[in-house]
Amino acid sequence: MGTRWASDLANHHGWAAQLLADGTIVDACASDGSQGGSRVAAPPIGWVAVCECGWQGPRWFRVTDVENEEVHDRHLYRSNMTLGPHESLLRADWEAHMRPRLAALSVNLAYLAWGAAPASQRMDAWLDLCLAVDTAIAAGTTWAAIGLATGVSERDARAQWEIPPDSLQRLPFK
Ligand SMILES: [Zn+2]
C-alpha cells in the first residue's frame, strides 16, 4: 500500500505520514502501517498529510475505542496504524493544499494560450484567462502567484483583475 498522491505539479506528491507522540512526523511512505523499523523510537499516535514541497496538513489522531471516534475533531478509530478508507480524509487535506497551486497552473496555461492565439480568437482566449484568474482567486491562489503565472508583478496582476469582471479595465493589458 503506501499510496502516493500524484499531481500534475513537480515536487508536489503527497502521502499520509505517521505522527509520533513527540510531534515527529515519520516520513517514508508508511501508510501501510509499518513503523519503519528501528527508526521509530515511539509508537505512532496518528497521521498527517504531507507534501513533497514540505507542506504538512493538520494532525489526525488515532483512537483505539470506536466510541471515541470524532471525525470532525480529527480523531479516527483504527484498530491498527493502517488508515484504510480514512486515507481519503487526509488526501482531502492535501487536495486543499494543491487546489490554489493547480489553479495557478491553469492560469498560466490560459495565459500562454492567449499569447499564442490568432487575432480571431484573441478575445475569447482573453476571456478564458480572466475566468481562470477568477477561479484561481476563489480557490485561494495568491495575487503573487497570479502575477507569476501571467508574467507580471503582484501589483499589476491586482490592477488588472482585482476589479469587477465587467469593468473595461479588464481589457487585455497587451
Ligand atoms: Zn506541495
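**A tour in four stops**

Start at Arg-74, which is partly exposed with 16 other C-beta atoms within 10 Å (buried means 20 or more such atoms, exposed 12 or fewer, partly exposed in between, with C-beta atoms placed from the backbone). This is a predicted model, where local features need pLDDT of at least 70 and side-chain atom pairs count only at 80 or more, while totals for chains, interfaces and linings use all residues. Residues are numbered from 1 along each chain as its sequence is written.

Stay on Arg-74: its phi is positive, about 60°, although it is not a glycine. You'll find it in the loop between strand E4 (56-63) and strand E5 (75-77); strands are DSSP E runs of at least two residues, helices H or I runs of at least four, numbered from the N terminus.

Next, select Asn-11, in the segment before strand E1 (14-20). Its phi is near 65°, again positive in a non-glycine. Asn-11 counts as exposed, with 9 C-beta neighbours inside 10 Å.

Now pick H1, residues 87-116. Its 30 residues reach 41 Å from first C-alpha to last, close to the 44 Å expected (1.5 Å times one less than the number of residues).

Last stop: H3 (143-150) and H4 (154-161), whose axes come within 8 Å and cross at roughly 95°. Axes here are lines fitted to C-alpha atoms over the stretch in contact, with angles running from 0 to 180 degrees between N-to-C directions. H3 and H4 are therefore roughly perpendicular (65 to 115 degrees; under 35 is roughly parallel, over 145 roughly antiparallel, the rest oblique).
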